[in-house]
Amino acid sequence: MFFKRHWWAIVYTLALLGFTGYLAVDTFAISRVYTVVEDTEQNTEKSSSSDNVVSTQTAYSDDNITISLTEYREYDTSIYVADVQVSSPEYLKTALAQNAYGRNVTEKTSEMAEDNNAILAINGDYYGAQESGYVIRNGVIYRDTASDGQEDLVVYQDGSLGIIQEDEITAQELLDNGAQQVLSFGPDLLENSTISVSQSDEVGKAKASNPRTAIGMIDDLHYVFVVSDGRTSESTGLSLYQMAEFMQSLGAETAYNLDGGGSSTMYFNGKVVNNPTTNGKNIQERSVSDIVYIGE
């Protein structure tokens, strides 16, 4: 009797629940490829153009690239720093998961690094977790929807790093100005060697102490890639201000915060060197949308 009287309400409720569930799955689980990256360097053997290669667990050098890896212990946290010097800006690159731009298209940082013959790689901005924010990779605009108040990192064709506000410039203008990569996460940590965040600043509702990923520039074609552990009894993690302080202590003039938490991963010479974790219990990589890497 109850069902007969209220059948329409029951059917409506079930339909609404089903539609809501579909939207959630479509938003967070179903992969949709919008553009396949045209890159003739993908999935090829490592270039043999460089001679005099010296490679160890903590260092790499050839005719064009020099990398030294150092582990620091600051703020009750393990922090991994790759000091990078290159002879040309072409060796600072980005790559998208599965060689494609789209929604919920992800891979582990180490998998993307191996696919692209990277010597060093860190996770990028996880563009796929957002519906807006500029996405420019290797001189191609994939998303030009601006987000109010969003600070982006720009890697220009000469290898220099800059910080812009998306509501002050279009993606096309950035490209016209020589932008090669635009990463949309943030915030900006250092400009002109001066800390840009306060001790109370945080990313959204994230905890004050977290695994972090950042990139900075010390001088022309001289960079630092930094990843910190966090969320474990062995490593507390860093606040944004602590990461900014640390980047400043390394001598960075410009520094930018990339995706952190469970995404924070550093890959060097064929292996993951930090301890990525989402919940602090299991040490494992999170699949992400993109990486920043150094490679031939």
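Which residue forms a salt bridge with D125, and how far apart are the closest N and O atoms? The partner is R137, and the closest N and O atoms of the two residues are 2.9 Å apart.

## About the model

This is a predicted model, in which local features need pLDDT of at least 70 and side-chain atom pairs count only at pLDDT 80 or more, while totals for chains, interfaces and linings use all residues. Residues are numbered from 1 along each chain as its sequence is written, and side-chain values use heavy atoms, with hydrogens and water left out.

## The chain as a whole

The protein chain has four helices and 23 strands, where helices (H or I, at least four residues) and strands (E, at least two) are DSSP runs that are numbered from the N terminus. Of its 296 residues, 47% count as buried; buried means under 20% relative accessible area, exposed means over 50%, and partly exposed lies in between, with a 1.4 Å probe and protein chains only.

The accessible surface of the protein chain comes to about 14,200 Å², and 48% of this surface belongs to carbon and sulfur atoms; such areas come from the Shrake-Rupley method with a 1.4 Å probe, and for residues only the protein chains shown count as cover. Among contacts (heavy atoms within 4.5 Å) between residues at least 6 apart in sequence, 70% join residues at least 24 apart.

## A network around R137

A salt bridge is a side-chain nitrogen of Lys or Arg within 4 Å of a carboxyl oxygen of Asp or Glu, and by this rule the count comes to three salt bridges. The bridge between R137 and D125 has already been introduced. R137 lies in strand β10 (residues 135-137) and D125 in the loop between β9 (120-123) and β10, so this pair ties together parts that are twelve residues apart in sequence.

R137 also meets the side chain of D290 in a salt bridge, at 3.0 Å from N to O. Because D290 lies in strand β23 (residues 290-294) and R137 in strand β10, this second pair ties together parts that are 153 residues apart in sequence. D125, R137 and D290 are thus named as linked in a network of salt bridges. As for burial, R137 counts as buried at 2% relative accessibility, D125 counts as buried at 1%, and D290 is buried too.

## A bridge between D76 and R73

The side chains of D76 and R73 meet in another salt bridge, with 3.1 Å from N to O. Here D76 counts as partly exposed, at 45% relative accessibility, and R73 likewise counts as partly exposed, at 44%.
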